[in-house]
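Colleague: Could you take me through this model and tell me what stands behind each label you use? I would like to set every value against its rule.

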Amino acid sequence: MTSTLTGAGPARTGPARFGVPRGWRRLAPRPALLAASAAAVAVALVPLVYLGVRTAEAGAERIVDELWTSRVGLLALRSLGLAAVVTVACVLLGVGAAWLVTRTDLPGRRAFAVLAALPLAVPTYIAAFAWVSTVDRLEGFWPAALVLTLCSYPYVFLPVAAALRGADPAQEEVSRSLGRGGWRTFTDVTLRQIRPATAAGALLVALYVLSDFGAVSILRADTFTRAIFIAFDLGFDRTGALVLSCVLVALTVLLLAGETATRRRGARYARLGGARRPPVRLRLGAARWPALAGLLGVAALALGVPAVSLGRRLASGVSRPGALTEVLTATGNSLGFSLGGAALTMLLALPLGLLTARAPGPLATALDRLAYLAHALPGVVIGLSLIFFGITVAYPLYQTSWLLALAYGTLFLPLAVGAVAGAAAQAPPGLEEVARSLGRGPWTVLRTITLPLTLPAVGAGAALVFLSCMKELPATLLLRPTGTDTLATELWTHTGVGAYAAAAPYAALLVAIAAIPTWLLVARSGLLDKEDR
Amino acid sequence: MSEVVLTGVVKRYGPVAALDGVDLTVPAGELTAVLGPSGCGKTTLLRCLAGFERLDAGEIRLDGRTVAGGGRHVPAHRRRIAVVPQEGALFPHLSVAANVSYGLDRSARRGDRIDEVLALVGLAGYGDRMPHQLSGGQQQRVAVARALAPRPSLVLLDEPFSALDAGLRAGLRHDIRAALRADGATAVLVTHDQGEALSVADRVVVLRTGRVVQAGTPTAVYREPADQWVAGFVGEAVLLPATADAGRAATPLGTLPLTGAAPDGPVTVLVRPEQVRLVPTGPGAVTATVLRHDFHGHDALVALRLADGTRITARVWAEREPVPLGAEVAVEVDGAARAWPAAPIDAAEHDVRQAAPTLTR
């Protein structure tokens, strides 16, 4: 889910003035590109559609039987409750930390900005593993809430910190000049300025909690994702798993609809341009000590615990007989699957990214939203649906890495689309037209202008997709060919049987892998920019 | 140097005809300005000339050779027509020299053409800079040098100065005009700024809703506009109801000689504010009340109301003290006026005329 944050990043710039004439072509963009984009989205929606088809086959009576049980009600309550608790905690933690880091004279605020973003580099299943292997018999709702909060508050912190940095200080100055004091200016102006960012971050957290599989499984908190996996793993009749998946999809769609609504309202808060001025920082005085202690405490829990736990176990894990070969094999498998997944994802993303960048319009937007829908689905649901798809429709693909690549494509398509659209914006059509008017043919223009300008961004996007595939757990767990293990599945297997030392090397490698996109995200957010005064 | 001739050019986007039968000749070696309000089709005209759009009807001939129309569409890269877009659109990954040499072939790159055109636009020695190291005005100069370098048949400039601030614009306009002339280039400049069109172009073509309303020298377009809309679009206009008789018109400002042909009978007469002079009151003089005084530094616009309620504007040199508001003054008209048969202005045209002053910024 790191993806949604970065995926939304690249500017969806409109066509240049010398590009497509304004307005007239909105409804009839390039037909070939449109067809290719529609095909890509159709492929990405295979799991969702097949889930519906397969569930419907069970018949209304069976579905109702499975649905109207106290267990489903309990699961729904627990999943939503977990999402609510974690979201509220993340908003408090994220907004507070963002405000301290961007608007006060807190000592070491740049370091704290990085510390507050770093938990993104710890996949939840690794954090859960670290806690379980540190504290005995840690399990249930509240530990899961704690671990998920510590892992996902950066989803609120990063956009809010960026909004606080980017917010126009003139609005606050106007508020003060109109007689509002510091606190009322904060509540009436500042908090409203960052409301879209906060809402977007909060919904991201909620979606993330609903789709999380690793942490709730390791910490034995019974939520939908865990129940789906268990129902599938144990049952002969998989209707139960299918029905649970559909309920989870329905919850996800509800949340997504909420996100869309806030995004539309948030559009009005856009800054009107003008030079950026750093805001005046608040002097904390004696309050700086509790603030420091608070941030340090959160960092210790979110980063210190996993670091200490991994460090403690790593030595014995590495020296275990046969560990090296096992790790190397798993790394090789991870690399192979992820390469395939990234290649397929980029292939699907190219037409859609070009379409949104070059021929924006209602159709392009609709396709883009559909791709996001698939992305928000829990990996466990996508994995499950693709298993049925493989068994009944595409048997030659079943138990091959193709099916896994398809799952990755579904999960990470928006991430790649964002990268391609951003890349296309680097080479606006106006530049190509100028090049042609200077007497260069289409191929020369492609070679000398378009490719040099777009390849870096497309490459970065592909790398990001690749890394996301590496750390994906639930779909990989369900879809990997039997007997083939990746870093993530090895970690899961070892943790499942309490072999914490054996799991540690995989966890360390995965953290290293996840650190790269996190670093990119932090660098792009501007939190590392030279200190303003 | 090449002559460009457009005949009956039509370009439609769905039901909208962006160009609705454009006839136009761009003489070789001259700078022609295409002037019109936003949405009049001037950018579409440029894109059709460059070869980025296909015509729906009509023909474009370059030196007698058909480049578009009649089933032919010479692609943009074979037309030898270079564009300078609004924001310059320099290739961000190439140095200034590499940008300028982009349209040159291998042998020409080794020659001194790059230095020559960079010197023409006043950027000699800037070859090694990257585009992001240049100011907006410098980027625009490089874009012009890049377009000139391969000696194209035609250079198209799409509002190249509009993104720059006013002070910079005048200087750059002059320099680029000089560079185009020094290189003997044929050029078409698209703009909505009537001051820009009148001051730099050899010829001005006024475009409205996809049609050419008037084409001529800047003086002709300003002094003898084809209709009332053009009169208002290219400058401040005082329009008065009048009765014409044998080359003279009786107007609220007295009897005025007319330029050009006008039928006898009811007419609308155009007087430019600079033709209206404020004079000492005397017997038989036309008197007016001062309503407003807009000081512009070098001159001032004085809004006046005649005794019969007609409102007019006078442009006066601002050397003396402003006339006090509410004062009675006498007015006189210098020179001849332009007249058109009086016809009710339909609502749409009236709207356009109202909008014109704000569009011209």
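Modeller: Gladly, and let me start with a definition: buried area is the accessible area (1.4 Å probe) that two parts lose on being put together, summed over both. Between chain B and chain A that area is about 2,500 Å², and carbon and sulfur atoms give 64% of it. This is a predicted model, where local features need pLDDT of at least 70 and side-chain atom pairs count only at pLDDT 80 or more, while totals for chains, interfaces and linings use all residues. Residues are numbered from 1 along each chain as its sequence is written, chains are lettered from A and ligands numbered from 1 in the order in which they are written, and side-chain values use heavy atoms, with hydrogens and water left out.

Colleague: What makes residues of chain B and chain A count as being in contact?

Modeller: Contact means heavy atoms within 4.5 Å. By that rule, 31 residues of chain B touch 23 residues of chain A.

Colleague: Why is the pair Arg47(B) and Glu433(A) called a salt bridge?

Modeller: The term asks for a side-chain nitrogen of Lys or Arg within 4 Å of a carboxyl oxygen of Asp or Glu. For Arg47(B) and Glu433(A) the N to O distance is 3.0 Å, so the pair fits the rule. Between chain B and chain A the count is one salt bridge.

Colleague: Why does the pair Glu433(A) and Arg47(B) join two chains?

Modeller: Glu433(A) lies in helix H21 (residues 429–437) of chain A and Arg47(B) in helix H1 of chain B, so the pair joins two chains. Helices here are DSSP runs of H or I with at least four residues, and strands are runs of E with at least two, numbered from the N terminus.

Colleague: Are Glu433(A) and Arg47(B) buried or exposed?

Modeller: Both Glu433(A) and Arg47(B) are buried; the label means under 20% relative accessible area, against over 50% for exposed and partly exposed in between (1.4 Å probe, protein chains only). Arg47(B) also forms a salt bridge with Glu53(B), with the closest N and O atoms 2.9 Å apart, and Glu53(B) is buried as well.

Colleague: What makes Arg315(B) and Glu274(B) a salt bridge, and which label does each residue's accessible area earn?

Modeller: Their side chains meet at 3.5 Å, N to O. Arg315(B) lies in strand S19 (residues 311–317) and Glu274(B) in the loop between strand S15 (265–271) and strand S16 (276–279) of chain B, so the pair ties together parts that are 41 residues apart in sequence. Arg315(B) has a relative accessible area of 27%, so it is partly exposed. Glu274(B), at 34%, is therefore partly exposed too. Elsewhere, salt bridges that share partners join Glu433(A), Lys11(B), Arg47(B) and Glu53(B) into one network.

Colleague: How do you know where the domains of chain A begin and end?

Modeller: The bounds come from an automatic or database domain assignment. That assignment gives domain 1 (48–268 + 285–316) and domain 2 (320–377 + 388–513) of chain A. Their C-alpha centres lie 23 Å apart, and the contact takes 32 residues from domain 1 and 28 residues from domain 2.

Colleague: What lies between domain 1 and domain 2 of chain A, by buried area and by salt bridges?

Modeller: The two domains bury about 2,800 Å² between them, 78% of it on carbon and sulfur atoms. Tyr50(A), Tyr125(A) and Phe129(A) supply 22% of the area that domain 1 buries against domain 2, more than any other three residues. The salt bridge count between domain 1 and domain 2 of chain A is zero.
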